[in-house]
Amino acid sequence: MKLCMIGTGYVGLVSGACFADLGNDVICVDKDSNKINSLINGQIPIYEPGLSELVIKNYKNKRLNFSTNLKKSVKESDLIFICVGTPPKKRSNTADLSQILNVTKKISLAINKFKIIITKSTIPVTTGDEIEKILLKKNSKKKFSVVSNPEFLREGEAIRDFIYPDRIVVGSNENKSNRILKNLYNPLISKGATYLSTSRRSAELIKYASNAFLATKITFINEIANLCEKTGINIEDISIGMGLDKRIGSRFLRAGPAYGGSCFPKDTKAIISTADKFKTKLSVIESVIKSNENRSELLLDRVYDILNREIKNKKVTFLGVTFKANTDDMRDSSSLKMIPALSKKGAIIKYYDPTGYKKEFSKIKNVYNSDSIKQSLQGSDLVIVHTEWNDFKSLNFKNLVKGKKFIIYDMRNIYSPEKIKKQGFKYYSVGR
Ligand code: UDX
């Protein structure tokens, strides 16, 4: 079986490299020739632990290749994975399917023998039906099958998530495609991954419902953390106590800043838009979106309180600015709201992130990138631990900055309050 991944973004590149590593012959296609040339030269456009090694290894052993020629690549392949972006439309919550539909039209002209067209991109319910309709205009029903196989990869953990998935979901309305896909995933199934075969529409919805549920879980614990702060309770005890109930589970119960990233904010909005289209209401998810949007304001207000509401000329350090650790992704990171708001009130901000300088802050007044943790802390009045990078977890602030005592606001609860207070620093965290 020859595989063709269309789109070499996060989903296409990680999945393509992993499929190649499992012994498949994979061609990754992108219309961006600069990107394809960089990949051929072993340069990976995204920060993802382990991905570079995997791409280089499989390119060298000729199982993984790159091309800008979609038509030729589709013709030569049996399984076509659509992995292009589905960002939100401007000024609307609806997913923009233009890239999916464009690619489908191109595939439609290149079908020369039976192909399985598989959507890995996150797509609203019934998109598979639309893809099928487009393909039927130029091809007979016997020539193709449209399948939904959503990805559940977390940034920073994507390779591990691909190799050891909690589940593999394949939504197909035909047995033949289902059998072929099951065979493709067999190396993972034989290592214990659960394979779930469903209807195509179910697979499309499983992806959105899962992300919306995880976003709900985080938002729930964030609101409980607000209550803990008012009542002198430690949120960690609550997360552990709740998580021990097997019906709830302990993961995704870490309180912190508003959730961000490329998926949760966009997918929660897109599922609401799907519900609108089908004239039903998802009021829980609507509240989650609202609560998460308010969260950055809430945490900022706490920052103002910590600084006694005197923000002008205060020196504030951000440790980490990405939406979570192990990624360079800034999409919907809460730092994008917090840093400009503090700058507007006259604060002077330094930030240090292990993935370096961020162009997002280049036009914001008095915001400076630091090359080291130590440099970022010099002269600071308040240090905000924004992202839970391992690099920050064992810092000895007392040794790093001799003499100066700043306040620490640990938005990820990575430190023990007792230990930090012992070092002589005033310390605040979330929900405790
Ligand atoms: C997510 C899904 O987990 C993945 O299955 C999907 O396919 C893509 O979207 P990702 O966006 O990479 O993955 O990040 P994830 O690790 O899920 O975290 C999302 C956000 O939630 C981050 O802002 C993170 O900091 C936050 N989060 C996560 C919490 O605040 N608390 C938690 O307990 C877990």
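**Note on the predicted model**

1. Of the 432 residues in the protein, 52% are classed as buried. The coordinates come from a predicted model, and the remarks below should be read with that in mind.

2. On overall dimensions, the radius of gyration is 24 Å, which agrees with the value near 22 Å that a compact globule of 432 residues would have. Taken along the principal axes, the box filled by the C-alpha atoms is roughly 75 × 50 × 40 Å. The protein contains 17 helices and 14 strands. Of the contacts between residues at least 6 apart in sequence, 71% connect residues at least 24 apart.

3. On surface and charge, the accessible surface amounts to about 20500 Å², and carbon and sulfur atoms account for 51% of that area. There are 74 positive and 43 negative side chains in the protein. The centres of these two sets are separated by 3 Å.

4. Strand β4, residues 79–82, deserves attention. Which of its residues are buried on each side? Leu79 and Phe81 are buried on one side, and Ile80 and Ile82 are buried on the other, so that both faces of the strand are covered. Strand β4 has parallel pairings with two strands described here: with β1 (residues 2–6) over 4 bridges, and with β5 (residues 115–119), again through 4 bridges. Within these pairings, Leu3 has Leu79 of β4 as its bridge partner, while Phe81 stands opposite Ile118 in β5.

5. The parallel arrangement continues from β5 to β6, the two strands being paired over 5 bridges. In this pairing Lys115 is placed opposite Phe144 of β6. Strand β6 spans residues 144–148, and because 5 of its 5 residues are buried, it is largely enclosed by the rest of the structure. Both of its faces are covered: Phe144, Val146 and Ser148 are buried on one side, as are Ser145 and Val147 on the other.

6. Strand β14, residues 426–429, has side chains that alternate between two faces. Tyr427 and Ser429 point to one face and are buried, whereas Lys426 and Tyr428 point to the other and are not buried. Strand β13, residues 407–410, runs parallel to β14 and is joined to it by 4 bridges. Tyr409 stands opposite Tyr428 in this pairing.

7. Two backbone conformations should be checked by anyone reading the model closely. Most residues other than glycine have a negative phi. Lys62, which is not a glycine, nevertheless has a positive phi of about 65°. Lys62 is located in the loop between α3 (51–60) and β3 (64–67). With a relative accessible area of 70%, Lys62 lies over the 50% cut-off and is therefore classed as exposed.

8. The second case is Asn366, also not a glycine, with a positive phi of about 60°. Its place is the loop between β10 (348–352) and β11 (367–369). Is Asn366 buried, partly exposed or exposed? Its relative accessibility of 28% falls between the 20% and 50% limits, so Asn366 counts as partly exposed.

9. Asp25 belongs to strand β2, which covers residues 25–29. This residue is partly exposed, at 34% relative accessibility. Leaving aside residues up to four places away in sequence, Asp25 touches Met1, Lys2, Leu3, Lys62 and Arg63. The contact list thus includes Lys62, the residue with the positive phi of about 65°. Leu3 is 22 residues from Asp25 in sequence, and the C-alpha atoms of the two are 6.2 Å apart. Leu3 is also the residue whose bridge partner in β4 is Leu79.

10. Lys137 is part of helix α6, residues 127–138. Is Lys137 buried or exposed? Its relative accessible area is 71%, and Lys137 is accordingly classed as exposed. Between Lys137 and Leu101, which are 36 residues apart along the chain, the C-alpha separation is 13 Å.

Definitions and conventions. Residues are numbered from 1 along each chain as its sequence is written. This is a predicted model: local features need pLDDT of at least 70, side-chain atom pairs count only at pLDDT 80 or more; totals for chains, interfaces and linings use all residues. Side-chain values use heavy atoms; hydrogens and water are left out. The radius of gyration is taken over C-alpha atoms; the globule rule is 2.2 Å times the number of residues to the power 0.38. Buried means under 20% relative accessible area, exposed over 50%, partly exposed in between (1.4 Å probe, protein chains only). Contact means heavy atoms within 4.5 Å. Accessible areas come from the Shrake-Rupley method with a 1.4 Å probe; for residues, only the protein chains shown count as cover. Lys and Arg count as positive and Asp and Glu as negative; His and the chain ends are not counted. The place of a charge is taken as NZ of Lys, CZ of Arg, CG of Asp or CD of Glu. Two strands pair if DSSP finds at least two bridges between them.
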